[in-house]
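Here is a short set of exercises to work through with the model open in your viewer. Try each task before you read the solution below it.

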Amino acid sequence: MMTVPGDRSGPAWGEWWLPLIIVVVSFFVLMAFETGHAIRDRGALSDLRRSQEPTVQESIRLRQQLETLAAKTAQFAADGDEGAKTVVDQMKRQGVTLTPPKQ
């Protein structure tokens, strides 16, 4: 039996449309699943970042206090304080450079 172009009644039409439809539907289901998973992961990461924010702010504040303390210690050492000079020398031996604040 010969099929005529445009004739959808022959076996050739049904042989490749059903698998194609199944592949397309499967692709869309997969994309919907992956999108949902990505949205859930984004929410979890956002919650994690929000929960870490107070700790980050506290560490920034602590670092600023430490830098201020180090700068004042270096300033005292530059002004001639023996205890501060000892601290600056010990820190220098450990690889930490304390510099006085700029005027």
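**Exercise 1. Phe-27 and its surroundings**

Task: Decide whether Phe-27 is buried, partly exposed or exposed, and find the nonpolar surface patch to which Phe-27 belongs.

Solution:
- Step 1. Keep in mind that this is a predicted model.
- Step 2. The relative accessibility of Phe-27 is 46%, so the residue counts as partly exposed; the class runs between the limits of 20% and 50%.
- Step 3. Place Phe-27 in the fold: the residue is found in helix H1.
- Step 4. Now look at the patch. Phe-27 makes a nonpolar surface patch together with Trp-16, Leu-20, Val-24, Phe-28, Leu-30, Met-31 and Phe-33. The area of this patch is about 800 Å².

**Exercise 2. The chain as a whole**

Task: Work out how many helices and strands the protein chain has, and what percentage of its residues count as buried.

Solution:
- Step 1. Go through the secondary structure: the chain has two helices and zero strands.
- Step 2. Turn to burial. The chain has 103 residues, and 8% of them count as buried, the limit being under 20% relative accessible area.
- Step 3. Add the surface: the accessible surface of the chain is about 9100 Å², with 63% of that belonging to carbon and sulfur atoms.

**Exercise 3. Salt bridges along the helices**

Task: Find the partners of Glu-58, Glu-67 and Glu-82 in salt bridges, and describe how each pair is spaced along its helix.

Solution:
- Step 1. Set the criterion: a side-chain nitrogen of Lys or Arg must lie within 4 Å of a carboxyl oxygen of Asp or Glu. Four salt bridges are counted by this rule; three of them are needed here.
- Step 2. Glu-58 pairs with Arg-61, and their closest N and O atoms are 2.4 Å apart. The two residues are three residues apart in helix H1, so about one helical turn separates them. Glu-58 has a relative accessible area of 39% and is therefore partly exposed; Arg-61, at 37%, is also partly exposed.
- Step 3. Glu-67 meets Arg-63 in a salt bridge with an N to O distance of 3.2 Å. Here the spacing in helix H1 is four residues, which again means about one helical turn. Glu-67 is partly exposed at 45%, while Arg-63 is exposed, its relative accessible area being 57%.
- Step 4. Glu-82 and Lys-85 form a salt bridge whose closest N and O atoms are 4.0 Å apart. Both residues lie in helix H2, three residues apart, or about one turn of the helix. Glu-82 is exposed at 56%, and Lys-85 is partly exposed at 32%.

**Exercise 4. The largest pocket**

Task: Say which elements give two or more residues to the lining of the largest pocket, and how the lining residues divide into nonpolar, polar and charged.

Solution:
- Step 1. Note the volume: the largest pocket holds about 200 Å³ of space.
- Step 2. List some of the lining. Among the residues are Leu-66, Glu-67, Leu-69, Val-87, Met-91 and Leu-98.
- Step 3. Assign the elements: helix H1 (11-79) and helix H2 (82-93) each give two or more residues. The largest share, six residues, comes from H1.
- Step 4. Sort by character: eight of the lining residues are nonpolar, three are polar and one is charged.
- Step 5. Link back to Exercise 3: Glu-67 lines the pocket, and its side chain meets that of Arg-63 in a salt bridge.

Key. Residues numbered from 1 in each chain as written. Predicted model: local features only at pLDDT ≥ 70, side-chain atom pairs only at ≥ 80, totals over all residues. Heavy atoms only, no water. 1 Å grid on protein atoms, 1.4 Å probe; cavity = no way out; pocket = protein on both sides within 12 Å on 5 of 7 lines; lining within 4 Å. Points joined across faces, edges and corners; volume = space filled by probe spheres on them. Nonpolar A, V, L, I, M, F, W, Y, C, P; charged D, E, K, R; others polar. Patch = residues over 30% accessible without salt bridge, like charges linked within 9 Å, V, L, I, M, F, W, Y side chains within 5 Å. Areas by Shrake-Rupley, 256 points an atom, 1.4 Å probe, with all protein chains shown as cover. Buried < 20%, exposed > 50% of the residue type's maximum accessible area, 1.4 Å probe, protein only.
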